[in-house]
Amino acid sequence: MTTAHSSSPYHAHIYYSSDERSDAETLRDMLRRVRADSPLSKILFVGELRDHQVGPHPVSQFEIHFDESSLPDVEPVLLRSGLRVLIHPLTDDDLGDHTHLGRWIGEPVELDLTELDPPGVNQGIARFGKSDF
């Protein structure tokens, strides 16, 4: 398994219900508009709102990509949002990333683990900082 260091890639999946969609959109837009002098400007990618199941995520969500060194700046913003969030590293263990290596803000979402890549493969690494699902 890959060990984390300050430049290790991370994802956060921000989940929302139909009632929370405007809150998710506000958060997403704020993350996209951060000023260059903000610590949040180190976020590499802010995805689109996905109002349907995508991969292992059975409820609406959007994702952000960042390096582990940005975690102390990103995590408090996600916590203040009041939305459910899964924060996880990107290693060569996709299942581990979404389970025991990840951590939740708020009530966990039951993920469809059958959608995750087998050990030694993680398509999220290839997408890091570049694309949405």
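The radius of gyration of the protein chain in this predicted model is 14 Å, and because a compact globule of 133 residues would have a value near 14 Å, the chain agrees with that expectation. Taken along the principal axes, the C-alpha atoms fill a box of roughly 35 × 35 × 25 Å, and buried residues account for 44% of the 133 residues. Among contacts between residues at least 6 apart in sequence, 67% join residues at least 24 apart.

The secondary structure of the protein chain consists of four helices and five strands, which follow one another along the sequence in the pattern β-α-β-β-α-β-α-β-α.

Confidence in the protein chain has a mean pLDDT of 91, with 93% of the residues reaching 70 or more. Over residues 1-5, however, the pLDDT is below 50, and this stretch has eight contacts in the model beyond near neighbours in sequence. Where pLDDT is low, the predicted coordinates should not be read in detail. The table sets out the two helices that mark the lowest and the highest confidence in the protein chain.

| Helix | Residues | Mean pLDDT |
|---|---|---|
| α4 (lowest confidence) | residues 123-127 | mean pLDDT 79 |
| α1 (highest confidence) | residues 21-32 | mean pLDDT 98 |

As for surface and charge, the accessible surface of the protein chain comes to about 6,800 Å², and carbon and sulfur atoms contribute 51% of that area. The protein chain carries 12 positive and 23 negative side chains, and the centres of these two sets lie 8 Å apart.

Key: Residues numbered from 1 in each chain as written. Predicted model: local features only at pLDDT ≥ 70, side-chain atom pairs only at ≥ 80, totals over all residues. Heavy atoms only, no water. pLDDT = per-residue confidence, 0-100. Contact = heavy atoms within 4.5 Å. Rg over C-alpha atoms; globule rule 2.2 N^0.38 Å. Buried < 20%, exposed > 50% of the residue type's maximum accessible area, 1.4 Å probe, protein only. Areas by Shrake-Rupley, 256 points an atom, 1.4 Å probe, with all protein chains shown as cover. Lys, Arg positive; Asp, Glu negative; His and termini not counted. Charge placed at Lys NZ, Arg CZ, Asp CG, Glu CD.
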